[in-house]
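Visitor: Before we begin, could you show me the model and then explain the terms as we come to them?

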Amino acid sequence: MSGAIRLEKLGKPVVYIVADNFSHDAELSAEDNGMPTLRRVAVPGEEFFQRRISRDQIKPVANSAVQVLIAGLTRPLTREELNPKPKKTAMDRIIKITAENYGAALEKFNALFLANHWGSGLPLIPPTPERVKWMLSGTSRSKDEVVGIVAPKNGKATVEKIAINAVMAGAKPEYLPVIIAAMEGFTAKDYDLVHVLTSSGSFFPAVIVHGPIAKEIGMNSGTGLIGHGFRANNTIGHALRLSLLNIGHLWPGENDMALIGRVSSHTFFTFAENEQFSPWEPYHVSIGFKKDESAVTVSTVGGYTATTGMTVYGGGAVAVWSADSILDAIVADISHDRRIFTLFKRGQAIPSAHPSKHILVLAPEFARELNRRGYTRASLQKYLYEKTSIPFEELTAQEVKAVRDRIEGSKARDMLHYDIMPTDRIPAYEEVLKPGGKVPVVIAPRDITILVSGGIPAYTFGMSYFRVSQETKLVHGATLTKSGR
Amino acid sequence: MGTGSIRFVLTRTAALCMCIACFLSVAGVTHAAVTLAVLNPQGEIAPPPVFVPTARVASLDGKKIGIYWNGKQGGENFWDVVEEQLKTRYPSAEVIRYKGPFDLGQAMAEKIAKECDVFMYGVGD
């Protein structure tokens, strides 16, 4: 939508075409981007998505669309189109709900909030001024501090707004600094929040807590780590879901277009590293934080082909396994990233051609065995990066061209940002794109994030997504825990 | 009805109401309303600016028609048919096809705006 509006502002008439299931989304997007009466036409989604597979099949849909496309460019603008109404954005600060008793008032509150699209579908705790003040006791940060701006509607995430949503989620004040740090991650400049919140694929966030605060607030990092039963894990995740939904003004089917919904949609995958069982330093220390500091990593995972959000590599109590079998499974999975060579076409949006990042959650007993073999986190990253690289001689001519095109497009920065290689990686690729070289399918070793979590036994699993959209932020401002101050 | 009778009725009515209230209270049935005052969880949004679309053209005859697509699969088939139809209906028009990201960006917009008179813009979902 924003692209079409750019052309309009340059004085060129545009007609914007969508599949009809996205019509309301387009209407909201036009409003958000400042041209509510941009000319829009729709094709039947039921016909378009199925028939686009060939020219013959799509012909009836395209022929029907032509007349409305022409009319979109030639029919004079109406009075309504020339006088769009400004969008009302003022909101009531306080909402009052009255009923004959507390139970009825609670029911009425939940019904109202869900009808307003301010809830997640699960029961909410009323964010009364007293409860919000209680929640804010968990941080020394000012309630008016703006933590970030939340897509898709660019709502302001103040500390107070986050606290309101944390109350609704059933969180405790000592969790608030972790929730705020996660929101800093989501609203960071390089985090593609729009995509994880609104894409038609089933992308969703993983939220991982590192450092001493995890244990202090009772987070689970052992058996059942991505599941239910732990107030910290579950309500931190739910607070983030509500914060993103409400502060960003997001709603399924309107602008959150996940066609079949998102995995773990209420609480995301929210867990902590198991530092007690890990043979290595915590992840946040490996990227430069201090050991007594705490941090939160937010990362988009999941997608079209790994909709469950994870791939299990082995371990556990059922099938036999060895450290080698799990390593081989990880290598085999990451090796599929060769598709970024075979499928890439410069200038085209091909999701499977975007380079990936991989988050590996190692079961503690597996990590300990690797440690006994002399692996560190860094050497394991390097091993996987090199083991999955392809000898130049084995690449097809098309694959070599694709890598060259990606390098050129990255230098010119005229491609979708998902496809762009960071500047510091370009020399590494130019160096190996010749006989004797080994061409990596993972853009950089740092794109393999290695965590240790789970009980004993546990499965080692991986989560993956385009290599963008991962941030680790310091937890600070805590008042009720020793860590995170 | 005399004053004395009215006073009698009012006194008896008041007494009856007090008995009912007392009974209800003993039975645990009260009607004290509860009001929940809660804070709005939504983020404040600055009002977006409002722009008006550009005036339309009278006809596509002789025009350069740009078709912008983000390259999602199958879109080429759709736009091939559209292009064919446009050329049949407007033999003097020229159709130029473009591909790029979801938002083409300001630099590309400025470039292709110089090359075409009108645009059809689609992004595949």
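Visitor: What joins β6(A) to strand β7 (residues 269-272) of chain A, and in which sense do these strands run?

Guide: Four bridges join β6(A) to β7(A), and the two run parallel. Strands count as paired if DSSP finds at least two bridges between them, so the four bridges here satisfy that criterion. This is a predicted model, in which local features need pLDDT of at least 70 and side-chain atom pairs count only at pLDDT 80 or more, while totals for chains, interfaces and linings use all residues. Residues are numbered from 1 along each chain as its sequence is written, with chains lettered from A and ligands numbered from 1 in the order in which they are written.

Visitor: What makes "strand" the word for β6(A), and how many of its residues are buried?

Guide: Strands are DSSP runs of E with at least two residues, and helices are runs of H or I with at least four, both numbered from the N terminus. Strand β6(A) covers residues 204-210, and seven of its seven residues are buried. Buried means 20 or more other C-beta atoms within 10 Å of a residue's own, whereas 12 or fewer make a residue exposed and counts in between make it partly exposed, with C-beta atoms placed from the backbone.

Visitor: What stands on either side of A:Ile208 in β6(A)?

Guide: A:Ile208 stands opposite A:Thr297 in β8(A), and its bridge partner in β7(A) is A:Phe271. Strand β8 (residues 295-301) of chain A pairs with β6(A) in the antiparallel sense over seven bridges.

Visitor: Why are β7 and β15 of chain A called edge strands?

Guide: The open sheet has four strands in the order β7-β6-β8-β15 of chain A, with mixed pairing. β7 and β15 (470-474) each have a single partner strand, so one side of each has no neighbour in the sheet. For β15(A), the pairing is with β8(A), antiparallel over five bridges, and A:Val296 stands opposite A:Lys473 there.

Visitor: Which strands of chain A does α9(A) lie across, and at what angle to β8(A)?

Guide: α9(A) lies across β6, β8 and β15 of chain A, running at about 45° to β8(A), while α12(A) lies across β6 and β7 at about 135° to β7(A). Such angles run from 0 to 180 degrees between N-to-C directions, with axes fitted to C-alpha atoms, for helices over the stretch in contact.

Visitor: Is A:Ile217 buried or exposed, and what makes it so?

Guide: A:Ile217 has 29 other C-beta atoms within 10 Å, and since the criterion asks for 20 or more, it is buried. The residue lies in the loop between α11 (213-216) and α12 (231-247) of chain A. Contact requires C-beta atoms, placed from the backbone, to lie within 7 Å; leaving aside residues up to four places away in sequence, A:Ile217 touches A:Glu174, A:Tyr175, A:Val178, A:Ala232 and A:Thr481.

Visitor: Which strands, and of which chains, form the open sheet of five strands?

Guide: The order is β2(A)-β1(A)-β4(B)-β2(B)-β3(B), with parallel pairing, so the sheet draws on both chains. At the edges stand β2 (40-43) of chain A and β3 (94-99) of chain B, each with a single partner strand. The twist averages 20° from one strand to the next. Across the chains, β1 (residues 14-19) of chain A pairs with β4 (residues 118-122) of chain B over four bridges in the parallel sense, and A:Val15 has B:Met120 as its bridge partner.

Visitor: How many residues does the contact take from chain A and from chain B?

Guide: The contact takes 89 residues from chain A and 57 residues from chain B. Helix α4 (residues 55-74) gives the most to the side of chain A, with 12 residues.

Visitor: What confidence does the predictor give to chain B and to the complex?

Guide: pLDDT is the predictor's confidence in each residue, from 0 to 100, and its mean over chain B is 81, with 73% of the residues reaching 70 or more. Among the elements of chain B, helix α1 (residues 3-27) has the lowest mean, 53, and strand β1 (residues 34-39) the highest, 96. Over residues 21-30 of chain B, pLDDT stays under 50. For the complex, the predictor gives an ipTM of 0.86 and a pTM of 0.82.

Technical notes: Two residues are in contact if their C-beta atoms, placed from the backbone, lie within 7 Å.
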